[in-house]
Amino acid sequence: MEQPLVDLSVTRKEEANLLALIREIKYGELRVIIHDGKPIRVEDIRKSIKL
């Protein structure tokens with residue numbers, strides 16, 4: 001049997017911070033910037049204009 005590629009029970013500090021931020025937000029959109037498989041920045045999308 002093959003081993004899973006990622007152990008989901010272990011999170012890095014950046015991933016834990018991302019999960020906390022997602023749980024904290026009440027509504028809206030987030031853009032997550034990932035570098036080398038790690039989340040490095042989150043942008044909170046506040047304004048969207050539909051044309």
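Me: Why is Arg12 called partly exposed?
Reply: Arg12 has a relative accessible area of 40%. Buried means under 20%, exposed over 50%, and partly exposed in between, with a 1.4 Å probe and protein chains only, so Arg12 counts as partly exposed. A word on the source: this is a predicted model, where local features need pLDDT of at least 70 and side-chain atom pairs count only at pLDDT 80 or more, while totals for chains, interfaces and linings use all residues. Residues are numbered from 1 along each chain as its sequence is written, and side-chain values use heavy atoms, leaving out hydrogens and water.

Me: What makes the contact of Glu15 and Arg12 a salt bridge?
Reply: Happily, that is easy to check. A salt bridge is a side-chain nitrogen of Lys or Arg within 4 Å of a carboxyl oxygen of Asp or Glu. For Glu15 and Arg12 the N to O distance is 3.3 Å, so the pair fits the definition.

Me: How do you know that Asp44 and Arg46 form a salt bridge?
Reply: Their closest N and O atoms are 2.9 Å apart, so the pair meets the cut-off too.

Me: Is Arg46 buried or exposed, and why?
Reply: Arg46 is exposed, because its relative accessibility is 71%. Its partner Asp44 is partly exposed, at 35%.

Me: Why are β1 and β2 said to pair?
Reply: Two strands pair if DSSP finds at least two bridges between them; strands here are DSSP runs (E, at least two residues), numbered from the N terminus. β1 (residues 29–35) and β2 (residues 38–45) share 7 bridges in the antiparallel sense, so they pair. Among the bridge partners are Leu30 and Asp44.

Methods
Helices (H or I, at least four residues) and strands (E, at least two) are DSSP runs, numbered from the N terminus.
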